[in-house]
Amino acid sequence: MAAISHSLLLVLTFLVAVSTLFEFSTALGGRKAKVSDTGFKPADPKDPKVVEVAVYAIDEHNKEAKTNLKFDHVLKAAFQVAQETTYSLVIVSSDEYNYEAVVLLNGDSKKLISFRKQKIYNFQ
C-alpha cells in the first residue's frame, strides 16, 4: 500500500510539473517549452474527446469543491499515452477564468488528478 501511495505521489508531482510547462519558458534562451518536450502530444481543444474530459474535470471539481462552475471551452490540450492516458488541459469556465486540469483515463474510468485556477485572467 505504501509503495502505491509513493508511486502515486511521484506521478502527481510529475503531472503538476508538466502542467506548468504550458505557460513557463525554459532557462535556456528563454524559449517556450514545447509540450512534446515532456512526452505529451498536443491535442485539438475542440476534439469531442478533449471536450468530454474537460467537462468531466469541471463536474468533478464542482463536486469536490462544492462550486458551480460551468464549462465554456478548452483553451489548450495535450495528452500522453502510457498504461493510462493523461490529459493536461487549460479550461475556460463560466467565471471567465482559466483552469489547469489533469485527468487520468483508464478504459472507461476517469480520475481528476488536479484542478487549479491559473493566475492569468481570460479577457475573451
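A residue counts as buried under 20% relative accessible area, as exposed over 50%, and as partly exposed in between. With that in hand, welcome to a tour of this predicted model, told as a set of close-up views.

**Figure 1. The whole chain has two helices and five strands.** Starting from the N terminus, the elements follow the order α-β-α-β-β-β-β. Of the 124 residues in the chain, 35% are buried. Among contacts with a separation of 6 or more, 46% are between residues 24 or more positions apart. The chain exposes about 7700 Å², and carbon and sulfur atoms supply 59% of that area. Keep this overview in mind as the next views move in on single residues.

**Figure 2. The largest nonpolar core brings together 19 residues.** Seven of its members touch the most other members: Val-50, Ala-57, Leu-89, Ile-91, Val-103, Leu-112 and Phe-115. Two or more core residues come from each of α2 (48–65), β2 (71–81), β3 (85–93), β4 (97–106) and β5 (109–121). Helix α2 is the top contributor, with six residues.

**Figure 3. Here is Leu-112 and its surroundings, with Leu-112 among the core members that touch the most others.** Which residues is Leu-112 in contact with, leaving aside its neighbours within four places in sequence? They are Tyr-56, Ala-57, Glu-60, His-61, Glu-64, Ala-101, Val-102 and Val-103. Two of these names, Ala-57 and Val-103, may be familiar from the previous view, where they appear among the best-connected core members.

**Figure 4. Phe-79 and Tyr-87 form a tilted aromatic pair.** A pair of aromatic rings is described by the distance of the centres and the angle of the planes. For Phe-79 and Tyr-87, the centres are 6.1 Å apart and the planes make an angle of 35°. Are the two partners buried or partly exposed? Phe-79 has 23% relative accessibility, so Phe-79 counts as partly exposed. Tyr-87 has 9%, so Tyr-87 counts as buried.

**Figure 5. Tyr-99 and Phe-115 form a stacked aromatic pair.** The structure holds two aromatic pairs, and this view shows the one between Tyr-99 and Phe-115. Their ring centres are 5.1 Å apart, with 20° between the planes. Because Tyr-99 lies in strand β4 and Phe-115 in strand β5, the pair ties together parts that are 16 residues apart in sequence. Tyr-99, at 6% relative accessibility, counts as buried. Phe-115, at 15%, counts as buried too.

**Figure 6. Lysines lie over the faces of tyrosine rings at Tyr-56 and Tyr-97.** Lys-110 is placed over the face of Tyr-56, at 5.7 Å from the ring centre. Lys-117 is placed over the face of Tyr-97, at 4.0 Å from the ring centre. Look out for Lys-110 again in the next view, where it meets Glu-52.

**Figure 7. Lys-49, Glu-52 and Lys-110 are joined into one network by salt bridges that share partners.** Side chains of opposite charge can pair when their charged atoms come close. In the bridge between Lys-49 and Glu-52, the closest N and O atoms are 3.6 Å apart. Both residues lie in helix α2, three residues apart, which is about one turn of the helix. Lys-49 has 31% relative accessibility, which means that Lys-49 counts as partly exposed. Glu-52, at 36%, counts as partly exposed as well. The side chains of Glu-52 and Lys-110 also meet in a salt bridge, at 3.0 Å from N to O. That pair links distant parts of the chain, with Glu-52 in helix α2 and Lys-110 in strand β5, 58 residues apart. At 26% relative accessibility, Lys-110 counts as partly exposed.

**Figure 8. Arg-116 and Glu-100 meet in a salt bridge between strands.** Their side chains come to 2.6 Å, N to O. This pair also links distant parts of the chain: Arg-116 is in strand β5 and Glu-100 in strand β4, 16 residues apart. Is each partner buried or partly exposed? Arg-116 has a relative accessible area of 36% and is partly exposed, while Glu-100, with 9%, is buried. The bridge shown here is one of four salt bridges that the structure holds.

Terms used. Residues are numbered from 1 along each chain as its sequence is written. This is a predicted model: local features need pLDDT of at least 70, side-chain atom pairs count only at pLDDT 80 or more; totals for chains, interfaces and linings use all residues. Side-chain values use heavy atoms; hydrogens and water are left out. A nonpolar core is a set of buried Ala, Val, Leu, Ile, Met, Phe, Trp, Tyr and Cys residues joined through side-chain atoms within 4.5 Å. Buried means under 20% relative accessible area, exposed over 50%, partly exposed in between (1.4 Å probe, protein chains only). Helices (H or I, at least four residues) and strands (E, at least two) are DSSP runs, numbered from the N terminus. Contact means heavy atoms within 4.5 Å. Rings of Phe, Tyr and Trp (its six-membered ring) pair if their centres lie within 6.5 Å; planes under 30 degrees apart count as stacked, over 60 as edge-to-face and the rest as tilted. A charge sits over a ring if NZ of Lys or CZ of Arg is within 6 Å of the ring centre and within 35 degrees of the ring normal. Accessible areas come from the Shrake-Rupley method with a 1.4 Å probe; for residues, only the protein chains shown count as cover.
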